[in-house]
Amino acid sequence: MVGFGGNRAWSSISTTLAPLLNHPDDDGDLAPAQCAAMLPRLEAIVGEGPQVADDPVLERRIDDTRQLIDVLNYCVDKGVPLDFC
């Protein structure tokens, strides 16, 4: 992807996760509506992932995604943007 060493433009993909994937880590925010749109896909990813207790890296990624889901739910419930500052 453009910005990560590739040539493919972000506008060429269709995923509800695009606002998160194509967002600077240290600036701006995501609107509650964007957070709400991403939740089902993130929950599906966590649900689809293999539950491998002996793979600490995979377990960490699953835990990180669950924490992100919690934060997105908070933003949606409170009607506040997810702030990256």
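User: How are helix 2 and helix 3 oriented to each other, roughly parallel or roughly antiparallel?

Analyst: Such a reading starts from the angle between the two axes, where values over 145 degrees count as roughly antiparallel. In this predicted model, the axes of helix 2 and helix 3 cross at roughly 150 degrees and come within 9 Å. The two helices are therefore roughly antiparallel to each other. Helix 2 passes helix 3 in a left-handed crossing. On the side of helix 2, the contact is made by Pro32, Cys35, Ala36, Met38, Leu39, Leu42, Glu43 and Val46. Helix 3 contributes Ile62, Thr65, Arg66, Leu68, Ile69, Leu72, Asn73, Cys75 and Val76.

User: What is the overall arrangement of helices and strands in the protein?

Analyst: The elements are listed in order along the sequence, and here that order gives the pattern α-β-α-α-β. The protein thus has three helices and two strands. Its C-alpha atoms fill a box of roughly 35 × 35 × 25 Å along the principal axes. Of its 85 residues, 21% count as buried. Among contacts with a separation of 6 or more, 52% are accounted for by residues 24 or more positions apart.

User: What span does helix 3 have from its first C-alpha to its last?

Analyst: One sets the end-to-end distance of a helix beside the span expected from its number of residues. Helix 3 covers residues 56-78, which is 23 residues, and reaches 33 Å, close to the 33 Å expected at 1.5 Å a residue.

User: What is found at the start of helix 3, and which residue follows the helix?

Analyst: For the start, one looks for a side chain that reaches a backbone nitrogen. A side-chain oxygen of Asp55 lies within 3.2 Å of the backbone nitrogen of Val57. For the other end, one inspects the backbone angles. Gly79 follows helix 3 and has a positive phi, near 70 degrees.

User: Which residues of helix 3 are buried, and what covers them?

Analyst: The test is relative accessible area, with under 20% counting as buried. In helix 3, the residues that meet it are Ile62, Thr65, Ile69, Leu72 and Cys75. Their cover includes helix 2 (32-48) and strand 2 (82-83).

User: Is Thr65 buried or exposed, and which residues is it in contact with beyond its neighbours in sequence?

Analyst: Thr65, a residue of helix 3, has a relative accessible area of 19% and is therefore buried. Leaving aside neighbours within four places in sequence, Thr65 is in contact with Leu42 and Val46. Both of these partners are listed among the residues of helix 2 that make the contact with helix 3.

User: Is Ala33 buried or exposed?

Analyst: The same measure applies, with over 50% counting as exposed. Ala33 has its place in helix 2, and its relative accessible area is 60%, so Ala33 is exposed. Distance along the chain can also be set beside distance in space: Ala33 and Val71 are 38 residues apart in sequence and 13 Å apart, C-alpha to C-alpha.

User: Where does Pro19 lie, and which residues is it in contact with beyond its neighbours in sequence?

Analyst: Pro19 lies in helix 1 (residues 18-21). With a relative accessible area of 24%, Pro19 is partly exposed. Apart from neighbours within four places in sequence, Pro19 is in contact with Leu30 and Gln34. Pro19 and Ala37 are 18 residues apart in sequence, and their C-alpha atoms are 9.7 Å apart in space.

Methods
Residues are numbered from 1 along each chain as its sequence is written. This is a predicted model: local features need pLDDT of at least 70, side-chain atom pairs count only at pLDDT 80 or more; totals for chains, interfaces and linings use all residues. Side-chain values use heavy atoms; hydrogens and water are left out. Helices (H or I, at least four residues) and strands (E, at least two) are DSSP runs, numbered from the N terminus. Buried means under 20% relative accessible area, exposed over 50%, partly exposed in between (1.4 Å probe, protein chains only). Contact means heavy atoms within 4.5 Å. A polar contact is a pair of N or O atoms within 3.5 Å; within protein, one must be able to donate a hydrogen and the other to accept it, and residues adjacent in sequence count only if both atoms are side-chain atoms. Axes are lines fitted to C-alpha atoms, for helices over the stretch in contact, and angles run from 0 to 180 degrees between N-to-C directions. Angles under 35 degrees count as roughly parallel, over 145 as roughly antiparallel, 65 to 115 as roughly perpendicular and the rest as oblique. A crossing is left-handed if the near helix is turned anticlockwise from the far one by less than a right angle, and right-handed if clockwise.
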